[in-house]
There are 2 protein chains.
Amino acid sequence: MKKDKAKQPNITEVAKAANVSRTTVSRAFNNPELLAKETVQRVLQAAENLGYASNHAARALRTGRFGNIAIIVPDIENPFFPPVIRAAQSRADAAGVCVFLGDADENAAREELLFSKFASQVDGIVLVSSRMSQAQILRCASLCPLVLINRDIKGLPRVLIDSGTGIAAAVRHLAAEGHRHIVYVNGPINSWSNQQRSESAREEAHRCGITIDTLSVPRPTYAAGKHAATLFPQGPTAAIAFDDLVAQGLMAMLAEQKIKVPAAFSIVGCDDVLGEYLFPTLTTVSSRTADAGKSAVDLLLNLLQEGEMRDVRYLLDTELILRNSTAPRAGS
Amino acid sequence: MKKDKAKQPNITEVAKAANVSRTTVSRAFNNPELLAKETVQRVLQAAENLGYASNHAARALRTGRFGNIAIIVPDIENPFFPPVIRAAQSRADAAGVCVFLGDADENAAREELLFSKFASQVDGIVLVSSRMSQAQILRCASLCPLVLINRDIKGLPRVLIDSGTGIAAAVRHLAAEGHRHIVYVNGPINSWSNQQRSESAREEAHRCGITIDTLSVPRPTYAAGKHAATLFPQGPTAAIAFDDLVAQGLMAMLAEQKIKVPAAFSIVGCDDVLGEYLFPTLTTVSSRTADAGKSAVDLLLNLLQEGEMRDVRYLLDTELILRNSTAPRAGS
DNA sequence: CTGTTAGCGCTTTCAG
DNA sequence: CTGAAAGCGCTAACAG
């Protein structure tokens with residue numbers, strides 16, 4: 001039925017149609033200011049008529065630049081990443097750049113493989129929450145310009161979402177609501193994000209003069225959150241979770257235990273990935289995921305333009321989003 | 001600090017290192033069976049030493065094939081799509097093909113633009129739940145081979161998730177649980193998916209001899225679901241929602257109205273995007289999103305191999321996933 | 001302002 | 001089994 005891809009007209013045919021040389025056609029698109037206005041018009045018209053579209057491969061071969069970038073994430077299905085991807089894609093698109101997507105499946109080896117496959121056909125790569133070792137990342141960096149998101153390696157350009165500011169605000173909020181004893185439920189112990197969050201929570205609790213306990217779960221999941229809720233020590237009247245998924249797990253278990261949120265217990269999440277879709281809606285820390293994606297692509301494109309990858313460290317602070325899972329301490 | 005992308009070694013340097021011609025190097029990678037085993041070994045070794053990676057652009061220019069495909073979705077942040085993308089990417093990756101991602105932002109014009117940008121640098125494109133008109137899609141199809149997901153256009157290869165089978169199973173399940181009167185909450189009226197679902201629900205309800213009402217919401221969102229719950233007629237003891245998001249909205253509103261799910265009212269969702277993350281967990285219809293992504297890429301790759309796009313219509317049926325939002329009718 | 005020429009890195013006949 | 005030569009479509013000197 002349908003035939004194969006129709007052969008696209010090339011620069012030579014456009015040149016013939018417009019009665020100019022191939023160079024002129026090329027210039028009409030890339031350096032129109034070097035040409036007579038009238039000529040540019042004629043060429044563009046001819047191209048339009050023939051349905052001409054420049055051949056990316058040939059251009060890339062000639063110029064050494066691809067007009068493409070790639071973004072690699074650990075797991076597209078983790079709701080944290082789609083907003084990053086979306087913003088990155090949109091930003092790249094605005095700059096006329098196409099985006100390859102790689103899903104590393106939470107696997108460092110696969111991630112490195114993807115990177116090297118992309119490296120030969122893009123100008124730069126955005127690595128989001130990379131699971132690779134620092135050594136692997138440095139190896140990658142020597143292969144192709146890259147920008148990191150949520151990974152702090154000196155010497156490489158990186159965009160970091162500092163959830164610390166938002167978590168601190170959460171602690172202050174709970175203190176103001178009369179809570180004197182709270183608990184922080186850790187995420188992956190060696191993740192940069194969790195370090196920011198737990199430290200921030202601890203420091204701010206001290207500053208507010210309230211007690212803080214911590215609890216660890218192996219992976220930041222809904223199930224882990226449910227489990228964590230069974231481990232709560234006696235005393236706390238509020239909890240801050242590493243992320244929204246864990247927070248949701250906590251809420252589910254409290255519901256099973258007939259402990260009312262927020263009347264009897266307050267919960268704060270982080271990353272704002274579950275939006276308002278819980279009942280009660282979740283007080284959480286904004287994660288600026290879209291900003292991170294946008295900034296990373298901007299940074300990458302700028303650095304590529306300048307022709308050198310500098311040691312840039314771009315910190316995005318966060319804020320507390322008040323919803324209905326927090327309330328004054330019962331009887332306070 | 002970091003320099004620009006290091007210049008990759010090319011085929012000529014490998015040839016020199018291995019003491020063979022460039023042709024031989026090329027063959028060592030693409031047609032090793034034409035060469036002496038020993039030669040292949042030597043070339044591969046030399047390539048390895050130099051860190052050689054073939055230049056995609058040059059290959060594409062020469063062969064006319066890119067080794068890339070693109071996938072375009074209306075909105076990456078809609079949880080329906082990430083599993084499709086993930087499966088597609090994984091499948092393509094296994095075939096050594098890289099994947100461009102386009103987010104059309106629910107906008108047909110943007111979608112067509114993305115398509116034409118991709119068309120010049122990929123071998124084929126997967127269009128998921130396209131928002132374009134049939135005319136637009138046909139125009140696209142003449143530009144570049146494509147496979148549709150959840151769009152039924154005769155003459156184009158397409159993969160369709162038939163949620164009808166799962167919805168029918170849901171109706172039978174509710175009937176078996178003693179419900180005599182149910183309601184179906186519509187999604188977008190002119191969407192192929194909603195047509196499948198509503199028809200299926202109606203037919204199966206008749207077959208089971210139970211009453212079914214329908215209700216419409218403008219867009220399938222959480223908010224719309226909450227609103228819909230306020231519009232329930234008297235009588236029904238169970239509802240089937242167009243998708244999980246709407247179902248979640250229904251549950252939230254019922255919770256506010258102190259109507260217990262599932263004890264007093266049963267809810268069924270569709271698409272299984274919220275997994276087990278609700279309380280109570282949601283009985284829903286599986287959506288085979290991953291299968292759809294995988295099948296679409298398989299189909300695309302096969303058709304490209306054959307060199308012609310045939311009229312293929314691939315239907316994926318679905319099933320009911322029993323969780324905790326459905327129960328026997330109170331007092332039945 | 002416009003054209004001529006050369007060549008990016010690769011694969012593919014065609015000859016050995 | 002291996003090599004020489006040509007050329008994919010484009011852009012970037014270099015001349016006019």
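**Two chains, a DNA strand and a sheet**

User: How many bridges join strand S8 of chain A to S9(A)?
Analyst: Let's start inside chain A of this predicted model. Strand S8 covers residues 238-241, and S8 and S9(A) run parallel. One pair to look for is Ala239(A) with its bridge partner in S9(A), Ile267(A). The number of bridges joining S8 to S9(A) is 3.

User: Which are the edge strands of the sheet with the order S7-S6-S8-S9 in chain A?
Analyst: This is an open sheet of 4 strands with parallel pairing. An edge strand here pairs on one side only. Those are strand S7 (211-216) and strand S9 (266-268) of chain A.

User: At about what angle to S8(A) does helix H8 of chain A run?
Analyst: Helix H8 takes in residues 163-176 and lies across S6, S8 and S9 of chain A. Helix H9 (residues 192-208) lies across S6, S7 and S8, running at about 170° to S6(A). For H8 against S8(A), the angle is about 175°.

User: What gives the most to the surface near DNA strand D?
Analyst: Helices H2 (22-30) and H4 (56-63) of chain A, along with H2 (22-30) and H4 (56-63) of chain B, each supply at least two residues. By class, this surface has 8 nonpolar, 11 polar and 4 charged residues. The top contributor, with 5 residues, is H4(A).

User: What axis relates chain B to chain A?
Analyst: Give chain B a turn of 180° with a shift of 0.0 Å along the axis, and chain B can be laid on chain A with an RMSD of 0.1 Å. That's the relation of a two-fold axis.

Terms used
Residues numbered from 1 in each chain as written. Chains lettered and ligands numbered in written order. Predicted model: local features only at pLDDT ≥ 70, side-chain atom pairs only at ≥ 80, totals over all residues. Least-squares fit on C-alpha atoms with pLDDT ≥ 70 in both. Nonpolar A, V, L, I, M, F, W, Y, C, P; charged D, E, K, R; others polar. Pairing = 2+ DSSP bridges. Contact = placed C-beta atoms within 7 Å. Axes fitted to C-alpha atoms, helices over the stretch in contact; angles between N-to-C directions.
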